[in-house]
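Reader: I am new to reading protein models. Could you walk me through one, a feature at a time?

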Amino acid sequence: MRFVSAQISLLVCFLNVTVTSTWAFDYFTGLMAIKKSKTGSDSTEIYVLGGQDRNNPFDTCILQTTLPLPQTGKNFKFLTGYYNDDRYADLYVIQKSGTASKKTEVGVLDGKSNFQTWLLRTTTALPETGDNVEFGLGHYGRRSGTGIDIGFDGQYPDIFIIKKSQTASKKTEVSVLEGESNFQTWIVRDAQTPLPETGDNFEFLVGGYRASHLVDPTSALYAIQKGSTASKTTEVTVFQGRNPGTYSDARPFWRVLLGPTSTALHETGDHFTFLLGSFWPRGRYYDNAFGGLRQEELHQDIYVVKKSGTGTYSTEVHILDPDFINHLNEYKKWKLQKGTPLPETGDTYDYDFGVFRFSCG
Ligand SMILES: [Ca+2]
């Protein structure tokens, strides 16, 4: 029965592709779902749910297509970022192992082509990586000069490599590969965070953070502790990456900007995954007058994707409010909690959010 339910939901998703929408804003938030295996097409597939409808966010499937990739396993990780300056979010495909080069390899699929064309396919300076390594995209910001004049949406994001265990220091470590050199050059090597080695009950995200005088526009590290927490809730800690305005990063990822703080979310298992983004109507965008990413967008919403075991029998999206205005109750209340047209999804799916701009006729 569950299988039948899934097929019906996907059909709805497909039919909604033809719905004509009007775009009041240049940018809106989209939920990207990558179906890596067990696809009918034998290719890796992508689904994008649009967040542009304020009253019914993520109810419309605005893109459903195959990628120029065969089916993929857990040795692949998908992330969104802006490789070029066309304001279409691109899809970063990280192959962690099983490569001919014995290096971790990176490809970038062009968002403007609906992810059909490769903008980049390259090896990197990073050896093959296993389950103990997570990835994020951000801007450590060497090229920006002041650190505030470039946002997440600037081109050539750097790849952040979070080594959770098997580290020399016995701490969770972060390294950064430079986007401008197509990931051939290290910006940060094996920086120790204050966290001991971490396991499956931790997920790591890269994004901006801003609270009063504490600013990290593009390179903060969010540690999501899903279980075994003191508060019995899912907890969040934010570490500063680059110190804005300076190049002297004696201890990147060491300073705590927030937390650990409890959230409105109970402890979570494998059927939950986490993302950073800004929910409409405060979608991330460049402000030309400001000359960069709007500052109030820097404090990120935490998107909680509940993949299975949901009351709606769909993949659900829950958004934790960063409380940007007060900075008193970060992530203590919900901005949104709802189901989507996607059926429940297991571990054959990988998710990410991006800010998309699709041509809509
Ligand atoms: Ca692009």
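Author: We will go through confidence, backbone angles and strand pairing in turn. This is a predicted model, in which local features need pLDDT of at least 70 and side-chain atom pairs count only at pLDDT 80 or more, while totals for chains, interfaces and linings use all residues. Residues are numbered from 1 along each chain as its sequence is written.

Reader: What is the mean pLDDT of the chain?

Author: First the idea: pLDDT is the predictor's confidence in each residue, from 0 to 100. Here the mean is 81, and 75% of the residues reach 70 or more.

Reader: Which elements have the lowest and the highest mean pLDDT?

Author: Elements are DSSP runs numbered from the N terminus: helices (H or I, at least four residues) and strands (E, at least two). Helix 1 (residues 2-15) has the lowest mean, 39, and strand 6 (residues 103-109) the highest, 98. Over residues 1-26 the pLDDT is below 50, although the model gives this stretch 32 contacts beyond near neighbours in sequence. A contact means that the C-beta atoms of two residues, placed from the backbone, lie within 7 Å. Residues 281-287 also stay under 50, with 25 contacts beyond four places in sequence. Where pLDDT is low, the predicted coordinates should not be read in detail.

Reader: Where is there a cis peptide bond?

Author: As a general guide, most peptide bonds are trans, and most residues other than glycine have a negative phi. In this model a cis bond joins Gly-259 and Pro-260, with omega about 5°. Pro-260 belongs to strand 15 (residues 256-266).

Reader: What is the phi of Tyr-156, and of Asp-190?

Author: Tyr-156 is not a glycine, yet its phi is positive, about 55°. Tyr-156 sits in the loop between strand 8 (133-138) and strand 9 (158-163). Asp-190, not a glycine either, has a positive phi of about 50°, and it lies in strand 11 (residues 186-196).

Reader: How many C-beta neighbours does Tyr-156 have within 10 Å?

Author: A residue is buried if 20 or more other C-beta atoms lie within 10 Å of its own, exposed if 12 or fewer, and partly exposed in between, with C-beta atoms placed from the backbone. Tyr-156 has 18, so it is partly exposed. Asp-190 has 14, so it is partly exposed.

Reader: Is strand 20 mostly covered or uncovered, and which strands pair with it?

Author: Two strands pair if DSSP finds at least two bridges between them. Strand 20 (residues 314-320) is mostly covered, with 6 of its 7 residues buried. Strand 19 (residues 301-306) joins strand 20 through 5 bridges, running antiparallel, and Lys-306 stands opposite Glu-316. Strand 21 (residues 334-343) pairs with strand 20 over 6 bridges, also antiparallel; there Leu-320 faces Trp-334 as its opposite.
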